[in-house]
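Q: Please take a close look at one hairpin and the loop within it, and set that part in the context of the whole chain.

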Amino acid sequence: MRTKRDVLTWSGFFAGIGMALWLVPAGLTYAAGSAQDAELNGWLILLAALLLYGVLLRTFVPSREQREVDEEPSVRTISSGWAATVYSPQIGVAFAIFAVAGAAGLVAAQEAPVIVRTLIWAVLAIAGIALVALLGIDVRVDQEGLRIRSALLRFPLKQVPASKLGDVRTTTVHPSDWGGWGIRKHGGSTAFIVNGRHAVSASLRDGGEVLVTIPERKLPRDLKRPGSVGDS
């Protein structure tokens, strides 16, 4: 844990410098109207905030290892299935920052060639859609299997039929365990890290798992292998 905290702190520090090298000059030049008249003034606050980006990342990693008390899957029946909609404030903040930075970039590129502006628009559109898709997700486990889709854009993100699912259980995770927020893949496993440290995890019969972080108040109380829902 200590190593993770140190790595995230220093990588975040240099990432913040990288963001500052682009965002601060672009913003103050636009505000002043020309590079010759640009002055730091209030932009120093943004510069300082970006340099503290590593401290923000450090808070995602606990100071010591936390072990799950109950690792055993539940074997009680879901009589009518379970579903939840999860919204991510973290990705919402990332989208707001992205929107501001993207707008500043488009303004700064007004005099650029058409092809450059088109590429910027394309990149911003793709990244924006990806963030909006993860702002909220619908999760459902029933006799048909596991289904995850975007709550706002309504398209499927992951579907696993009941025949390919093993046990479904609740557990705890940390974003740093999977490399951060968003959709994360590791081997045959897929994780949707969008909200909090509690999660529903479904093992796959061919190896790996599908994991979704869920606020504690929305966790299912009764879990069992979806293929046997309704069995006696």
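A: Helices (H or I, at least four residues) and strands (E, at least two) are DSSP runs, numbered from the N terminus. The model is predicted: local features need pLDDT of at least 70, side-chain atom pairs count only at pLDDT 80 or more, and totals for chains, interfaces and linings use all residues. Residues are numbered from 1 along each chain as its sequence is written, and side-chain values use heavy atoms, with hydrogens and water left out.

The protein chain contains six helices and nine strands. Strand β3 (residues 145-150) pairs with strand β4 (residues 156-161) in the antiparallel sense, over five bridges; two strands count as paired if DSSP finds at least two bridges between them. G145 has P161 as its bridge partner in β4. Five residues lie between the strands of this hairpin, and R154 takes a positive phi near 70° there.

L153 is also found in the loop between β3 and β4. Its relative accessible area is 35%, so L153 is partly exposed, a class lying between buried (under 20%) and exposed (over 50%), with a 1.4 Å probe and protein chains only. L153 joins Y87, I129, L152 and F155 in a nonpolar surface patch with about 450 Å² of accessible area together. Patch members have over 30% relative accessible area and no salt bridge; like charges are joined within 9 Å and nonpolar side chains (Val, Leu, Ile, Met, Phe, Trp, Tyr) within 5 Å. A salt bridge is a side-chain nitrogen of Lys or Arg within 4 Å of a carboxyl oxygen of Asp or Glu. Accessible areas come from the Shrake-Rupley method with a 1.4 Å probe; for residues, only the protein chains shown count as cover.

As for the whole chain, 35% of its 232 residues count as buried.
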